[in-house]
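Visitor: I have not looked at this one before. Can you walk me through it?
Guide: Yes, here it is.

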Amino acid sequence: MTIRKTSRQAALAALIGGSMLLGGCAVPYGGQNYGNQGYASQGNQGYYNPPPQTTYPSYQQPPRRDNYGVVDAIDVVNTPSQGIGGAVVGGVLGGVVGHQIGHGNGNTLATIAGVVGGAVAGNQLEQRASPGTTSYNVRVRMNNNGFQTISVSNPGDLRVGDRVRIDNGQISRY
């Protein structure tokens, strides 16, 4: 009984193996014959012509937005006033008051001291009256990992971490 079982198993194995070998001879492409597919069919018998290439649409990356970035820092820049009007007026007034003191060489020294003292005092008074201008440097880390600094007179509602766009030196949130 074991002999018959073994012979049945061998016959079954031979049948499966044979069908697999014959399966390799099956016609490709859903039953179409090879025919002249891939070969020249008119006048060029025997020469191989490759099948036409299948083209696929190319993937186009969206354009990089190099003018976009994130606010990295906002620095305050104080510029002192550059006016000399206070020094000039103070120097003139100091010279007039100094000229009223003394006679001869004492008068000359008092006038010079009045001009210098008045100029210094006038300059100090002008700086207190008009402290200068305040501007802000906004440093932006761009999408291309570079940095750009924009100087603005008022940052408005910009904060560190805001996403911004820079166009022609102007900065705006987006």
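Visitor: How many salt bridges are there?
Guide: The count comes to four salt bridges, where a salt bridge is a side-chain nitrogen of Lys or Arg within 4 Å of a carboxyl oxygen of Asp or Glu. This is a predicted model, in which local features need pLDDT of at least 70 and side-chain atom pairs count only at pLDDT 80 or more, while totals for chains, interfaces and linings use all residues. Residues are numbered from 1 along each chain as its sequence is written, and side-chain values use heavy atoms, with hydrogens and water left out.

Visitor: What does Arg-139 pair with?
Guide: Arg-139 forms a salt bridge with Asp-72, at 2.9 Å from N to O. Arg-139 is in strand S2 (residues 133-142) and Asp-72 is in strand S1, so the pair ties together parts 67 residues apart in sequence. Strands here are DSSP runs (E, at least two residues) and helices are DSSP runs too (H or I, at least four), numbered from the N terminus.

Visitor: Buried or exposed, that Arg-139?
Guide: Arg-139 is partly exposed, with a relative accessible area of 34%. Asp-72 is partly exposed as well, at 29%. Buried means under 20% relative accessible area, exposed means over 50%, and partly exposed lies in between (1.4 Å probe, protein chains only).

Visitor: And what does Arg-173 bridge to?
Guide: Arg-173 bridges to Asp-162, with the closest N and O atoms 3.8 Å apart. Arg-173 belongs to strand S5 and Asp-162 to the loop between S3 and S4, so this pair ties together parts eleven residues apart in sequence. Arg-173 counts as partly exposed at 47% relative accessibility, whereas Asp-162 counts as buried at 16%. A network of salt bridges links Asp-157, Asp-162 and Arg-173.

Visitor: Okay, new topic. Which helices and strands does the protein have, and in what order?
Guide: There are three helices and five strands. From the N terminus on, the elements run α-β-α-α-β-β-β-β.

Visitor: How are the strands arranged in the sheet?
Guide: The five strands make an open sheet in the order S3-S2-S1-S4-S5, with antiparallel pairing. Strands S3 (147-152) and S5 (170-173) are at the edges with a single partner strand each, so one side of each has no neighbour in the sheet. Two strands pair if DSSP finds at least two bridges between them.

Visitor: How many bridges join S1 to S4?
Guide: Three bridges join S1 (residues 68-79) to S4 (residues 163-167). Tyr-68 stands opposite Arg-165 in S4. The side chain of Arg-165 also meets that of Asp-167 in a salt bridge, at 2.9 Å from N to O.

Visitor: What about S4 and S5?
Guide: S4 and S5 pair in the antiparallel sense over four bridges, and Ile-166 has Ile-171 in S5 as its bridge partner. Their hairpin has two residues between the strands, and Asn-168 there takes a positive phi near 50 degrees.

Visitor: Back to the helices. What span should H3 have?
Guide: H3 (residues 105-129) has 25 residues and should span 36 Å at 1.5 Å a residue; its end C-alpha atoms are 36 Å apart, which agrees. The expected span is 1.5 Å times one less than the number of residues.

Visitor: Which residues of H3 are buried?
Guide: They are Asn-107, Ala-110, Gly-114, Gly-118, Gly-122 and Glu-126. The cover over them includes helix H2 (85-99).

Visitor: How much of the whole protein is buried?
Guide: Of its 174 residues, 17% count as buried.

Note on methods:
Contact = heavy atoms within 4.5 Å.
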